[in-house]
Amino acid sequence: MSPDAWRLLGGRAERAKRSWPAIKSALPVGARVRVRVLAAMPFGVFVEIGGQPDALGLLEITALPRGSELPTVGVYFDAVVADYAAHNWQVRLRPVEVEAGG
């Protein structure tokens with residue numbers, strides 16, 4: 001990961017830590033959200049979540065349909081809140097297509 005991406009994600013992680021109760025309240029499991037890819041990793045993509053500037057979202061590659069490619073940095077897409085990773089203040093997501101069954 002580039003130093004710029006690390007600074008971006010590190011700052012978001014700190015903000016997410018401070019705002020964690022509010023983030024979970026605003027983003028219940030099952031909520032549909034609009035996201036934009038911030039950084040790509042071999043295991044998934046980190047995203048910003050529309051309307052939640054302090055939240056840090058993660059879409060893991062395992063949440064994508066088999067054979068799918070990870071979205072690239074800057075791409076917007078719709079996702080569903082799947083779970084939370086409280087140990088690192090991340091909102092776990094899956095793409096809407098998976099939620100809708102196709």
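A nonpolar core is a set of buried Ala, Val, Leu, Ile, Met, Phe, Trp, Tyr and Cys residues that are joined through side-chain atoms within 4.5 Å. In the predicted model considered here, the largest such core has 21 residues, and the members with the most contacts inside it are Ile49 and Leu93. This core draws at least two residues from each of H1, strand S1 (32-41), strand S2 (44-49), strand S3 (52-60), S4 and S5, and its largest share, four residues, is supplied by S4. When neighbours within four places in sequence are left aside, the contacts of Leu93 include Val33, Val35, Val47 and Ile49, and they also include Leu58, Leu59, Val80 and Val81. A second core, separate from this one, consists of seven residues, among them Leu9, Ala39, Met41 and Phe46. In soluble globular proteins, nonpolar side chains tend to be buried together.

The secondary structure that surrounds these residues comprises two helices and five strands, which follow one another along the sequence in the pattern α-β-β-β-β-β-α. Of the 102 residues of the chain, 39% count as buried, while the accessible surface comes to about 5,700 Å², with 54% of that area belonging to carbon and sulfur atoms. Among contacts between residues at least 6 apart in sequence, 61% join residues that are at least 24 apart.

Two aromatic pairs are present in the structure. In one of them, the ring centres of Trp20 and Tyr84 are 6.0 Å apart and the ring planes stand at 90°, so the pair is classed as edge-to-face, given that planes over 60 degrees apart count as such. This pair connects distant parts of the chain, since Trp20 belongs to helix H1 (residues 3-26) and Tyr84 to strand S4 (residues 76-85), with the two positions 64 residues apart in sequence. Both Trp20 and Tyr84 are buried. The other pair, formed by Phe43 and Phe46, is likewise edge-to-face, with 6.0 Å from centre to centre and 85° between the planes. Its two members are not equally covered: Phe43 has a relative accessible area of 41% and is therefore partly exposed, whereas Phe46, with a relative accessible area of 8%, is buried.

Further residues are placed around these rings. Lys24 lies over the face of Tyr84, at 5.0 Å from the ring centre. Gln90, which is found in strand S5 (residues 90-95), touches Trp20, Phe46, Leu56, Leu58, Tyr84 and Ala85 when residues up to four places away in sequence are not counted. Members of both aromatic pairs thus appear among the contacts of Gln90, namely Trp20 and Tyr84 from one pair and Phe46 from the other. With a relative accessibility of 8%, Gln90 itself counts as buried, because this value falls under the 20% limit.

A contrasting position is offered by Thr62, which lies in the loop between S3 and S4 and is exposed, with a relative accessible area of 68%. From C-alpha to C-alpha, Thr62 and Gly44 are 8.0 Å apart in space, although 18 residues separate them in sequence.

Conventions:
Residues are numbered from 1 along each chain as its sequence is written. This is a predicted model: local features need pLDDT of at least 70, side-chain atom pairs count only at pLDDT 80 or more; totals for chains, interfaces and linings use all residues. Side-chain values use heavy atoms; hydrogens and water are left out. Rings of Phe, Tyr and Trp (its six-membered ring) pair if their centres lie within 6.5 Å; planes under 30 degrees apart count as stacked, over 60 as edge-to-face and the rest as tilted. Buried means under 20% relative accessible area, exposed over 50%, partly exposed in between (1.4 Å probe, protein chains only). A charge sits over a ring if NZ of Lys or CZ of Arg is within 6 Å of the ring centre and within 35 degrees of the ring normal. Contact means heavy atoms within 4.5 Å. Accessible areas come from the Shrake-Rupley method with a 1.4 Å probe; for residues, only the protein chains shown count as cover.
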